Amino acid sequence: MLEGDQDQEEDQGGLRNDGRRAAELRKIRVRMGVFGQADGSAYLEQGNTKILVAVYGPHQPRGSAARAGGKNVGGIINCQYSTAVFSFSAGERKRRPRGDRKSIEKSLQLRRAMESIIQLDLYPRSQIDVFVEVLQIDGSEYCVAVNAATLALIDAGIPIKDYAIGCTASLIDSTSKNDEDSSHAAGVVDATYMEECSPGATLSIIALPGSSNDATKGLVVVAQGAGQRLHLSRLEALRNRALCGCRDIRNILDRAVRQHLTVHSQPSFSTLHVID
Amino acid sequence: MREVILSHCEKNFVNKAIDKETRLDGRQLLEARPVNIHFGSNWGCCIVSLGRTKAIAQVSCDIQKPKASRPNEGMLHINVELNPMAAPFFEAGRQSDPSVQINRQLERCLKDSKCIDLESLCIVADKKAWNLRVDINIINHDGNLVDCASIAALAALMHFHRPDVSSSEEEIIIHSFAEKDPLPLTIYHHPVCISFLVFENGNTIMDPTYLEEKVGVAQLTMGINSYRELCSLDFNYLTRTSVADVIPTISNQAANYAAELVSLIKESVRQDVEARYKKEVKNFGRFENCIATDKLTAMFTDKIPIKLSSWGKMDDREDEIMEDQKENEQIIKINKNSAELLLLKGDLFGNGGVNTWQNDSSSDDEEESSDEVVMVEETKTKCHVLDDIELSEDSEEEETQNMTKDDIQT
Amino acid sequence: MADIPLSLAEKTFILHGVDANFRNDGRIRNEYRAMELETKLMPQTNGSARIRLGNTDVLVGVKVEVDTPFPDNPFEGKLEFFVDCSANATPAFEGKGGDSLATEISNTLALAYQSPHAINLKTLSILPHQQCWKIYVDILILQCGGNLFDAVSIAVKAALYSTEIPKVTAATLDGGKPDIQLSDDPYDCIKLDAKNFPVLVTLCKIGDNCVVDPSSEEETCSSASIVLSTLPDGRFTSVVKMGHGSLQPTTLIKTLEIGKLVGIKLNASVMESLKKEDALGTNRPIFGFLR
């Protein structure tokens with residue numbers, strides 16, 4: 001955050017509905033290895049968005065993915081994005097957990113994101129299943145799903161090149177021109193459901209932030225814009241904001257993974273670590 | 001029927017052409033194919049062709065109960081159908097991955113951007129509202145289905161007129177076109193999808209053909225209106241390599257072309273609508289017209305159509321027929337700077353046809369073979385090293401040192 | 001359900017263990033595994049519960065909605081069960097793979113709750129013939145490690161116990177059209193009387209004996225099992241036989257006797273723990289999946 005923004009924020013409140021600043025993430029809570037039966041699993045909470053992911057594999061290809069893969073020599077990644085019927089906020093109820101267009105599209109894009117990080121050349125003729133179950137929705141659910149899937153892959157011990165991190169940046173009201181200078185003009189990260197529904201635009205980015213400190217250098221894997229209208233001149237700022245969010249999330253998740261590994265590793269392992 | 005997998009030769013050919021900033025159909029990298037719009041006899045019906053990609057769209061409407069969450073708005077449904085008519089590898093009646101993707105892209109571009117005034121489509125709040133349905137069928141698949149479908153959907157929506165309705169307390173009356181003039185939809189802004197494709201070497205092309213789509217590594221689709229406002233954005237990798245971010249560099253071109261395209265659509269819709277208002281018997285831009293001037297469907301063939309330069313001369317039908325009659329492939333000069341290479345059946349590369357990249361591939365072979373030779377030489381020197389450590393060359397000093405250590409230890 | 005391949009020797013080992021009243025995880029025949037139950041963990045639902053029974057993991061969300069009653073039951077509300085077998089449990093559930101199991105479970109639940117002794121649907125009526133509450137009970141199966149039916153029914157009971165339905169402050173008929181006003185205060189709500197809700201008890205016949213709460217290995221060994229829905233007073237609301245095997249009438253009666261005793265105890269202990277959790281008040285920490 002720039003220091004100059006602070007004044008601006010104070011005189012117009014400057015805070016978002018939930019009391020966050022523009023570039024502030026929601027509280028992230030992680031648990032890896034939730035399930036005993038799956039090869040890898042993770043539970044991720046970003047604010048009120050709660051997602052469970054299970055990873056099975058690598059195993060022999062089977063089911064529809066194997067048939068579609070056919071003579072594919074490389075590994076196959078099979079993703080399913082499903083939303084619990086009670087996951088919406090008050091009152092609403094989803095009719096089907098999966099199989100609608102939005103779910104299929106998200107499965108497709110999740111597969112793209114996973115393909116970009118998994119070292120598939122290590123798993124010829126095998127299949128890795130990634131199953132996402134959205135338990136509760138409060139905005140950015142697709143991005144949180146990608147983050148959780150990355151953690152589940154780590155838990156499953158599948159070699160990945162980098163974290164695939166998703167983050168949304170949302171311009172809450174793109175029509176108002178007077179707030180050019182305020183921090184909100186560059187968009188707010190990690191949008192909640194209310195912010196996504198506002199008459200602005202939301203950009204979802206899945207990036208491989210790498211370990212570099214320059215956030216804008218991150219490699220964008222999947223980008224998706226939705227919402228009403230966004231002037232092209234604002235796109236760059238929004239994208240950078242989302243990439244900054246990706247880097248922040250990466251740092252948080254990385255810390256969580258390291259902590260998880262030190263807690264759950266063998267005693268001999270940790271003593272070695274101490275000697276180091 | 002399975003989709004035919006592209007051979008490495010074909011991929012290399014396309015990639016090399018893109019390396020040299022040429023495309024097989026003679027276009028510039030950031031140049032789109034010509035767009036033709038023809039309207040049918042009904043309101044809201046049109047055929048759009050984008051090069052050889054063709055789509056037909058029809059808008060229909062009926063009255064339904066509005067959604068409980070939006071009681072004072074009409075509804076808009078968009079459905080793109082990909083069936084074997086477009087290309088033999090599409091299965092009929094199944095939600096395949098590409099069809100879901102196109103549907104969602106159009107929904108985001110046209111529905112989520114709120115370009116149509118849905119509130120004006122409400123008749124009685126919470127009870128009755130118009131339900132608009134846009135059905136798009138792809139007739140011929142030659143790449144870039146999204147753009148073609150989005151142009152078709154937008155043109156059809158702009159062209160569409162709904163019957164007038166008068167409502168009294170209890171009942172509503174839908175007037176036939178004979179009673180009251182039909183009403184057009186209110187459209188706030190006109191978004192179209194513009195697609196790009198990024199290649200391995202980082203070159204970006206606009207409006208990819210089917211062949212190019214099979215070779216490219218990343219695709220980008222932007223839904224932009226004429227005010228340079230972004231309505232939807234999709235960036236996806238098709239393969240597992242990565243390229244630099246291209247969005248900033250091409251967004252300007254996308255916006256300019258979108259403005260051009262929107263004015264083209266507006267103009268053709270305006271001409272047709274005005275002619276209909278005047279009840280002119282007009283044959284310009286109608287279906288029968290489009291059948292007369294152009295092939296309605298072009299068969300999916302294995303051949304790669306190549307145009308070396310001057311795109312646009314290809315619609316010279318008479319020339320083409322003459323060429324057809326001459327049977328064999330040959331280079332025909334249309335005018336000074338243009339040449340057209342037509343590859344006919346049985347004369348494909350590898351089937352005895354002329355191989356235009358013979359030089360390239362032969363040089364490749366040479367390089368490969370020379371590589372192998374080098375490899376052999378290296379192994380030889382290594383063997384040498386094992387035999388006698390003293391004779392080692394400078395470049396392999398490290399290795400030899402390691403080996404001596406090992407030798408000593410053992 | 002995820003079938004676990006077991007060798008003949010393993011099956012014999014389990015069978016002998018059951019015969020000797022000492023199962024391979026140390027339990028006796030009518031002993032349940034340790035159960036973890038948490039309610040009200042999903043703030044966006046009207047009621048929710050999650051249960052972990054060994055490796056079995058079930059999440060239940062309850063949502064209520066105003067609806068019009070069935071014309072043949074104008075004085076009653078509606079109760080609907082929906083089961084979703086998540087692919088998280090096993091890759092075999094991907095796509096439509098879990099649908100047959102899901103229908104089996106939801107049908108069994110509907111059967112268990114069908115009796116007027118179990119739930120009084122009349123309490124869900126707002127305006128007869130016009131408006132009533134419809135309760136959607138959505139069950140999400142996240143992991144199956146045996147004894148799915150019991151786990152689901154306990155989670156459903158707990159979720160319904162925690163369900164809070166907004167209070168209707170005024171319900172009038174305005175010119176033939178119903179007009180309902182709900183209380184603005186989110187704490188002003190009515191709770192369902194969960195006292196008589198049934199739980200399912202699965203009795204799994206292994207060899208000559210019956211065990212309760214079978215693990216997935218034990219389920220593989222069994223050819224037939226009986227799913228009883230028992231009320232707290234020991235009455236059955238439904239008896240369903242699962243599996244391909246058959247039972248002698250005398251065995252069936254013996255099984256029902258065992259089931260009755262187990263059911264009474266299970267009901268009592270579930271209610272007790274729910275009340276205990278309630279006593280912790282609204283400020284108790286919610287663990288959810290983080291524990």
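How many residues do chain B and chain A each bring to the contact between them? In this predicted model, 26 residues come from chain B and 27 residues from chain A.

**View 1. The side of chain B that touches chain A.** Two or more residues each are given to this side by α2 (97–112), β14 (229–237) and α5 (247–277) of chain B, and β14(B) supplies the largest share, with nine residues. Sorted by class, the side of chain B that touches chain A holds 10 charged residues, together with eight nonpolar and eight polar ones.

**View 2. Strand pairing between chain A and chain B.** Strand β10 of chain A, which covers residues 230–231, is joined to β14(B) by two bridges, and the two strands run antiparallel. Within this pairing, the residue that stands opposite A:L230 is B:L230 of β14(B).

**View 3. The crossing of helices α2 and α3 in chain C.** The axis of helix α2 (residues 99–112) of chain C comes within 11 Å of the axis of helix α3 (residues 148–162) of chain C, and the two cross at roughly 55°. At such an angle α2(C) and α3(C) are therefore oblique to each other, and the crossing in which α2(C) passes α3(C) is right-handed.

**View 4. Residues at the contact of α2(C) with α3(C).** From α2(C), the residues C:I105, C:T108, C:L109 and C:A112 take part, and they meet C:L148, C:F149, C:V152, C:S153 and C:V156 of α3(C). The residues of this contact comprise seven nonpolar and two polar ones, with no charged residue among them.

Technical notes: Residues are numbered from 1 along each chain as its sequence is written. Chains are lettered from A and ligands numbered from 1 in the order in which they are written. This is a predicted model: local features need pLDDT of at least 70, side-chain atom pairs count only at pLDDT 80 or more; totals for chains, interfaces and linings use all residues. Axes are lines fitted to C-alpha atoms, for helices over the stretch in contact, and angles run from 0 to 180 degrees between N-to-C directions. Helices (H or I, at least four residues) and strands (E, at least two) are DSSP runs, numbered from the N terminus. Angles under 35 degrees count as roughly parallel, over 145 as roughly antiparallel, 65 to 115 as roughly perpendicular and the rest as oblique. A crossing is left-handed if the near helix is turned anticlockwise from the far one by less than a right angle, and right-handed if clockwise. Two residues are in contact if their C-beta atoms, placed from the backbone, lie within 7 Å. Ala, Val, Leu, Ile, Met, Phe, Trp, Tyr, Cys and Pro count as nonpolar, Asp, Glu, Lys and Arg as charged, and the others, Gly among them, as polar. Two strands pair if DSSP finds at least two bridges between them.
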